[in-house]
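Work through the exercises below with the model open. Each task is followed by a solution in steps.

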Amino acid sequence: MEATSTMNPATTDQPPLDPSRKCVRVTGTNNRGFVEFELSVGGAPEMFVELTLPSAAFDLFCIEQHVTRLDDETNP
């Protein structure tokens with residue numbers, strides 16, 4: 001079998017994925033008061049899931065998961 005580029009990926013300048021790194025970007029608040037946000041894991045913000053939590057639960061989630069807020073200007 002001949003090796004292909006997908007079998008032997010080229011090295012890139014991107015840092016390796018770090019599963020302990022979690023980032024959130026708040027995208028809005030819905031009419032029921034739930035925080036809508038994107039969660040990425042591993043330092044790859046282009047890959048994310050969209051989630052919704054009540055405001056207090058979102059704040060607790062961010063604290064417990066030690067997230068980096070991408071929407072916060074003080075924490076880019």
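Two strands pair if DSSP finds at least two bridges between them. Helices (H or I, at least four residues) and strands (E, at least two) are DSSP runs, numbered from the N terminus. This is a predicted model, where local features need pLDDT of at least 70, side-chain atom pairs count only at pLDDT 80 or more, and totals for chains, interfaces and linings use all residues. Residues are numbered from 1 along each chain as its sequence is written, and side-chain values use heavy atoms, with hydrogens and water left out.

**Exercise 1. The hairpins**

Task: Find the residue that takes a positive phi in the hairpin of strand 1 and strand 2. Then treat the hairpin of strand 2 and strand 3 likewise.

Solution:
- Step 1. Start with the pairing. Strand 1 (residues 18-29) and strand 2 (residues 34-42) run antiparallel, joined by eight bridges.
- Step 2. Check the register. Thr29 stands opposite Val35, and Lys22 stands opposite Val41.
- Step 3. Go to the turn. Four residues lie between strand 1 and strand 2, and Gly33 has the positive phi, near 90 degrees.
- Step 4. Move on to strand 2 and strand 3. Six bridges pair them, again in the antiparallel sense.
- Step 5. Check two partners in strand 3. Phe34 bridges to Pro54, and Phe37 bridges to Leu51.
- Step 6. Close with the turn. This hairpin has six residues between its strands, and Gly43 has a positive phi of about 85 degrees.

**Exercise 2. The sheet and its helix**

Task: In what order do the four strands form the sheet? Where does helix 1 pack?

Solution:
- Step 1. List the elements. The protein chain has one helix and four strands. Along the sequence they follow β-β-β-α-β.
- Step 2. Order the strands. The sheet is open, reads 3-2-1-4, and has mixed pairing.
- Step 3. Mark the edges. Strand 3 (49-54) and strand 4 (68-69) each pair on one side only.
- Step 4. Add helix 1 (residues 55-65). Helix 1 packs on the sheet and touches strand 1, strand 2, strand 3 and strand 4. Contact means heavy atoms within 4.5 Å.
- Step 5. Read the angle. The direction of helix 1 makes about 120 degrees with that of strand 3. Axes are lines fitted to C-alpha atoms, for helices over the stretch in contact, and angles run from 0 to 180 degrees between N-to-C directions.

**Exercise 3. Three residues**

Task: Is Ser40 buried or exposed? Classify His66 and Asp18 as well.

Solution:
- Step 1. Fix the classes. Buried means under 20% relative accessible area, exposed over 50%, and partly exposed in between (1.4 Å probe, protein chains only).
- Step 2. Take Ser40, in strand 2. Its relative accessible area is 3%, so Ser40 is buried. Beyond its neighbours within four places in sequence, Ser40 is in contact with Arg21, Lys22, Cys23, Pro45, Met47 and Phe48.
- Step 3. Take His66, in the loop between helix 1 and strand 4. Relative accessibility is 65%, so His66 counts as exposed. The phi of His66 is positive, near 50 degrees. Most residues other than glycine have a negative phi.
- Step 4. Take Asp18, in strand 1. Its relative accessible area is 35%, so Asp18 is partly exposed. With neighbours within four places set aside, Asp18 is in contact with Gly42 and Gly43. Asp18 and Gly43 are 25 residues apart in sequence, with C-alpha atoms 6.2 Å apart.
- Step 5. Set this against the chain. Of the 76 residues, 18% are buried.

**Exercise 4. The cavity**

Task: Which residues line the largest cavity? Which element gives the largest share of the lining?

Solution:
- Step 1. Define the search. On a 1 Å grid over the protein atoms alone, a cavity is a set of points where a 1.4 Å probe fits but cannot get out; lining residues have an atom within 4 Å of a point.
- Step 2. Count and size. There is one cavity of 30 Å³ or more. The largest has a volume of about 40 Å³.
- Step 3. Name the lining: Cys23, Arg25, Glu38, Leu39, Ser40, Pro45, Phe48 and Leu70.
- Step 4. Assign the elements. Strand 1 and strand 2 give two or more residues each. Strand 2 has the largest share, three residues.

Notes:
On a 1 Å grid over the protein atoms alone, a cavity is a set of points where a 1.4 Å probe fits but cannot get out, and a pocket is an open set with protein on both sides within 12 Å along at least five of seven lines; lining residues have an atom within 4 Å of a point. Grid points are joined across faces, edges and corners, and a volume is the space filled by probe spheres set on the points.
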